[in-house]
Amino acid sequence: MDIVLSGIRPTGLLHLGNYLGALINFVKMQDENKCYFFIADIHSLTTHPLAEHLQENIKEMIAEYLAAGIDPEKSALYVQSDVPEIIELYVYLNMNAYLGELERCTSFKDKARKQPDNLNAGLLTYPCLMAADILIHRATKVPVGKDQEQHLEMTRTFANRFNRMYNCNIFPEPTAYNFGHELVKIPGLDGSGKMGKSEGGDNCLYLSDEPNVLKKKIMRALTDSGPTQPNQPKPDYINNLFTIMKAVSAPETVAYFDDKWNDCSIRYGDMKKQLFEDVNAFLTPLRERIKDIRSNDEYLAKVVRQGAEQARESARKTMIEVRKAVGIKSLI
């Protein structure tokens, strides 16, 4: 049985890209592996350092995780800050991470460009904290999207470096868990790249979006005046719409609009209306489950308390070995 770990920051809501990229096979994943899922509230402070809305966001994320298929009787669902051993391991990994490799990280360079007035140390050492999240449970599989491959590679680097430096074999090399398929990358609606919270609200289709909000976002998606020649290649922003449609629509629906593109008769308005209907049908049962779970604060508290106990038990075992390897021993 492998140990699987997945986390997400509580700086927004789960969106369609999250769901299809990492959540879609929760039931099968939990039956075959020991799974840890967590809300990365400490990670969120790198870009959202203020306390406003943090607790409400955490509760919303827990409800969405549960609605998406996590079973707290099979898996540990916890909040990152409830497991202080993660931060201790983060500190040790920081001591063995080099400035150059952290500065070369793509996500750091992107954040440096987008938020030059908040270029903090947490952003620079983000890969170390992500590695601590994974290695604290000695996870072997991590459900990640294509955009997180570099961070996972850095986690393997830090794990191997720690093992070599301290002549131990504490940490395994985690690999991407993709359910036997290529890593999923759902594009955003604005044509800028991936669907992500940091790209802005109109770029994402959130699991809890009401139908009127979904429709407005989809109808605003970037398009053009249409193809001018039969079978011409689709520009990225048009291909994005087809990629989303392939994820939620019937194959014959995708084929219909693909044919319309190829013979230059496509009407984007019709395609977007169909895309809205299919996305809404896909998300409606999830939306209703989220509302039911979110209204039960007692249940949410029970789930994260139970999850934290499981996560801390795993983390304590790891840190006993880590402290011994590093030479940290209390004289008290």
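Where is the place of isoleucine 87? Hi everyone, let's start there and then step back. Isoleucine 87 sits in helix H5, which covers residues 85-95. Please keep in mind that we are looking at a predicted model.

First, the overall picture. The protein has 332 residues, and 48% of them count as buried. Its secondary structure amounts to 15 helices and five strands. If we take the contacts with a separation of 6 or more, 77% come from residues 24 or more positions apart. As for the outside, the accessible surface is about 16,100 Å², and carbon and sulfur atoms hold 50% of that.

Now back to helix H5. Which of its residues are buried? They are Glu85, Ile86, Leu89, Tyr90, Tyr92 and Leu93. Looking down the axis of H5, you would find these buried residues within an arc of 165°, so they line one face of the helix. And what do they pack against? Their partners are strand S3 (76-79) and four helices: H8 (121-124), H9 (126-135), H10 (149-165) and H15 (297-326).

So where does that leave our isoleucine? Isoleucine 87 has a relative accessibility of 31%, and because buried means under 20% and exposed over 50%, it counts as partly exposed. Isoleucine 87 also has company at the surface: together with Val91 and Met95, it makes a nonpolar patch of about 260 Å².

If you have the structure open, try finding H5 at residues 85-95, then pick out Ile87, Val91 and Met95 for the patch, and Leu89 and Tyr90 as two of the buried residues. Thanks for listening!

Technical notes. Residues are numbered from 1 along each chain as its sequence is written. This is a predicted model: local features need pLDDT of at least 70, side-chain atom pairs count only at pLDDT 80 or more; totals for chains, interfaces and linings use all residues. Side-chain values use heavy atoms; hydrogens and water are left out. Buried means under 20% relative accessible area, exposed over 50%, partly exposed in between (1.4 Å probe, protein chains only). Contact means heavy atoms within 4.5 Å. Accessible areas come from the Shrake-Rupley method with a 1.4 Å probe; for residues, only the protein chains shown count as cover. Patches are made of residues with over 30% relative accessible area and no salt bridge: like charges are joined within 9 Å, nonpolar side chains (Val, Leu, Ile, Met, Phe, Trp, Tyr) within 5 Å. A salt bridge is a side-chain nitrogen of Lys or Arg within 4 Å of a carboxyl oxygen of Asp or Glu. The arc is that of the directions from the helix axis to the C-beta atoms.
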